[in-house]
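Let's walk through this structure together, beginning at a single residue and working outward. Have the sequence and the 3D view open side by side as you read.

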Amino acid sequence: MPPSITVFNLHQKVPLLIVLVFGAYMSITAPAIANAESITPERLEEAVIDAVQPLVEKHRVPGMALALTIEGEPYFFNLGETALEGGEPITEHTLFEIGSVSKTFTATLAAYAEVKGALDFNEPVSGYLPALRGTAMDSVAVLNLATHTAGHFPLQVPAEVRSEDALLEYLRNWDPQYAPGSKRTYANPGSGLLGVVAARSLNQPFAKAMHESVFRGLGLSQTFVKVPEDQMAHYAEGHNSKHQPVRVNIGLLGEEAYGVRSSAADLTRYLAAQMELVKVAPALQQALQTTRQGFFRTDYYVQDMVWEQYALPLKKDTLLAGNSRNMISGDRPVTAISPPLPPQRNVLINKTGSTGGFSTYVAFIPEKQFAFVLLANKYFPNDERVAMLYGILEDILPGVVAK
């Protein structure tokens, strides 16, 4: 039986159960880790409880699935329930909305299309969407969509754009506010358009292309753009700031930008594939590596394809600033890296994701065979997720953080 410990939530006055589960991948390609026994279950539980408990108490988080991969070995910590009322215990197989972490899968699909010869990141967007020829999309490269450097899309598709025809008209009339590649503006429309281009280049609908080329190729059985009916029982309820149950409303370009649902087990496997701990087909492995090339430098990190790459040793202030609201809400100058930086191993790579009722944060350090997955069915700010990761790193991997 896995060891467990009961933690009391001071707001709800009911016990929340953290269960530590030892995981195993179907196929480990890394050699055995000599020092894995130095990380005891007791030490892991203490580090996780210290990091999790303040957030659970402050935000009344109904449930959380947290996973750590340490020296290549996965561990799962499951806390609470899938709903405030009438929920089931959270497990590493519970489905959560992962918000903008979905963008990393969209980038992977685009990179896969490039590996297959169907897509060229240096070509203009209009080359793959003929309806946009003769517009500003003649000057926006597909790579700009993958790096948030297209020329300033708004954060969301405008509310008045409510149909496919209206979306096409909006894109045809879109006017960039700066030269593509000169600044970074985080935006769902750009990432959504990347997914449209990738799927179009493969001559498939987006959801089908993602399922067949990426999810299936990675061995992910609990990751979906469209949750099947027989999986709905495993889909947690999200909760808004008033603790009311909510689930995401998938709008135009939403499937491509923020529409994936996944589990801690699957996201752990996904990050293991990024670190080459899990063997996947060569074309898909090459696509994963392509997404981790560095294309632009920001004030805090290197911008890969959606992924954000931080130098080690890691400074807490830098990690907080890079994941801050300021980096999401405005235009930020960038410097192009030419030629692109090859995939790095001694770095921390991360991505946050949110919907109205869910919080996600994933990060990994390939050199240390370390990964972090946080899934919660309650929204809380990025800085608190970052602080959780940083505190765990201080406890179990102090060598990667700045003194």
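Start at Pro-398, which touches Leu-393 and Lys-403 once residues up to four places away in sequence are set aside. You will find Pro-398 in the segment after α12. Its relative accessibility is 35%, so Pro-398 counts as partly exposed. Leu-314 sits 84 residues from Pro-398 along the chain, and the C-alpha atoms of the two are separated by 9.9 Å. Please keep in mind throughout that this is a predicted model.

Now zoom out to the whole chain. Its secondary structure comes to 12 helices and 17 strands. The radius of gyration is 20 Å, close to the 22 Å that the globule rule gives for 403 residues, so the chain is as compact as a globular protein of that length. Along the principal axes, the C-alpha trace spans about 60 × 45 × 35 Å. Of the 403 residues, 58% are buried. Contacts also reach across the sequence: among those between residues at least 6 apart, 70% join residues at least 24 apart. On the outside, the chain exposes about 16,300 Å², and carbon and sulfur atoms supply 50% of that area.

Helix α9 is a good place to look at the inside. This helix covers residues 282–291, and 7 of its 10 residues are buried, so α9 is largely enclosed by the rest of the structure. The buried residues are Ala-283, Leu-284, Gln-285, Ala-287, Leu-288, Thr-290 and Thr-291. What do these residues of α9 pack against? Their neighbours are three helices, α2 (102–115), α6 (206–218) and α8 (264–274), together with strand β10 (294–297). As a reminder for reading any such helix, an α-helix has 3.6 residues a turn, so residues three or four places apart point the same way.

Next, turn to the charges. The chain carries 32 positive and 40 negative side chains, and the centres of the two sets lie 3 Å apart. Side chains of opposite charge can pair when their charged atoms come close. How many salt bridges does the structure hold? There are 4, and three of them are worth a visit here.

One of these salt bridges joins Glu-384 to Lys-58, with 3.3 Å between the closest N and O atoms. This pair links distant parts of the chain, since Glu-384 belongs to helix α12 (residues 382–396) and Lys-58 to helix α1 (residues 41–59), 326 residues apart. Are the two partners buried or exposed? Glu-384 is buried because its relative accessible area is 15%, under the 20% cut-off. Lys-58, on the other hand, counts as exposed because its relative accessibility is 56%, over the 50% cut-off.

Another salt bridge brings together the side chains of Arg-184 and Glu-308, at 3.5 Å from N to O. Here too distant parts of the chain are linked: Arg-184 is in strand β6 (residues 183–184) and Glu-308 in strand β12 (residues 308–311), 124 residues apart. Arg-184 counts as buried, at 2% relative accessibility, and Glu-308 counts as buried as well, at 5%.

Then there is Lys-226 with Glu-255, a salt bridge whose closest N and O atoms are 2.5 Å apart. Lys-226 lies in the loop between α6 and β7 (238–239), while Glu-255 lies in helix α7 (residues 254–258), so the pair ties together parts that are 29 residues apart in sequence. With a relative accessible area of 53%, Lys-226 is exposed.

Finally, take a look at some details of the backbone. The peptide bond from Leu-312 to Pro-313 is cis, with omega near 0°, and Pro-313 lies in the loop between β12 and α10 (316–322). Another cis peptide bond runs from Ser-338 to Pro-339, with omega near -5°; Pro-339 is found in strand β14 (residues 335–341).

Which phi values are positive in residues other than glycine? Glu-71 is one example, with phi near 50°, and its place is in the loop between β3 (63–70) and β4 (73–80). His-152 is another, with phi near 90°, in the loop between α3 (142–146) and α4 (164–173). Glu-71 is partly exposed, with a relative accessible area of 23%, and His-152 is partly exposed, with a relative accessible area of 23%.

Methods. Residues numbered from 1 in each chain as written. Predicted model: local features only at pLDDT ≥ 70, side-chain atom pairs only at ≥ 80, totals over all residues. Heavy atoms only, no water. Buried < 20%, exposed > 50% of the residue type's maximum accessible area, 1.4 Å probe, protein only. Helix = DSSP H or I, 4+ residues; strand = E, 2+ residues; numbered from the N terminus. Contact = heavy atoms within 4.5 Å. Rg over C-alpha atoms; globule rule 2.2 N^0.38 Å. Areas by Shrake-Rupley, 256 points an atom, 1.4 Å probe, with all protein chains shown as cover. Lys, Arg positive; Asp, Glu negative; His and termini not counted. Charge placed at Lys NZ, Arg CZ, Asp CG, Glu CD.
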